[in-house]
Amino acid sequence: MTSEPPMVECRLDLPDLREQRERYRTLGRSVEHAERVPGALTVHFADDVDQTLLERTLEIERGCCAFFTIDHDRAHRSIRVGVDHPDQDPALDALAFALGTGVEDR
């Protein structure tokens, strides 16, 4: 018997979701490179990325979307966001879009 994948659900209400989207838009201005593969989105930021904003954004993301696995490499100014189930993959596309990366699933 196979188990159902967990629901992809964001716990933010509409005003908080708008604020999170704005944080991603701001961070998107510092994206140097992004790679999207099935199950993961990796983003590399420029030197000018606001690390405090990035950390706050990731903290909120961990709290609202617990299905994401989020790794932040501060020294290399990069993040890797992953999902465990293929049904959750579209949430990664939403993050890529919010950051304005223009990457698509490969």
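**View 1. An open sheet of four strands in the predicted model.** The strand order is 1-2-4-3, and the pairing is antiparallel. Strand 1 (31–37) and strand 3 (69–73) form the edges; each has a single partner strand, so one side of each is left without a neighbour in the sheet. On average, and with direction ignored, neighbouring strands of this sheet are turned by 10° against each other.

**View 2. The pairing of strand 2 with strand 4.** Strand 2 covers residues 40–45 and strand 4 covers residues 78–82. The two strands run antiparallel and are joined by five bridges. In one of these pairs, Ala40 has Gly82 of strand 4 as its bridge partner.

**View 3. Helix 2 and helix 3 against the strands.** Helix 2 (residues 51–64) lies across strand 2, strand 3 and strand 4. Helix 2 runs at about 165° to strand 3. Helix 3 (residues 89–99) packs on the sheet, where it touches strand 1, strand 2 and strand 4. The direction of helix 3 makes about 20° with that of strand 2.

**View 4. The surroundings of Gln20 in helix 1.** Helix 1 spans residues 14–28 and includes Gln20. The relative accessible area of Gln20 is 3%, which is under the 20% cut-off, so this residue counts as buried. Its side chain reaches the backbone oxygen of Thr57 at 3.0 Å. Leaving aside residues up to four places away in sequence, Gln20 touches Leu12, Thr57, Ile60 and Glu61. Thr57 therefore appears both as a residue touched by Gln20 and as the one whose backbone oxygen the Gln20 side chain reaches, around a residue that is buried.

How values were computed: Residues are numbered from 1 along each chain as its sequence is written. This is a predicted model: local features need pLDDT of at least 70, side-chain atom pairs count only at pLDDT 80 or more; totals for chains, interfaces and linings use all residues. Side-chain values use heavy atoms; hydrogens and water are left out. Buried means under 20% relative accessible area, exposed over 50%, partly exposed in between (1.4 Å probe, protein chains only). A polar contact is a pair of N or O atoms within 3.5 Å; within protein, one must be able to donate a hydrogen and the other to accept it, and residues adjacent in sequence count only if both atoms are side-chain atoms. Contact means heavy atoms within 4.5 Å. Two strands pair if DSSP finds at least two bridges between them. Axes are lines fitted to C-alpha atoms, for helices over the stretch in contact, and angles run from 0 to 180 degrees between N-to-C directions.
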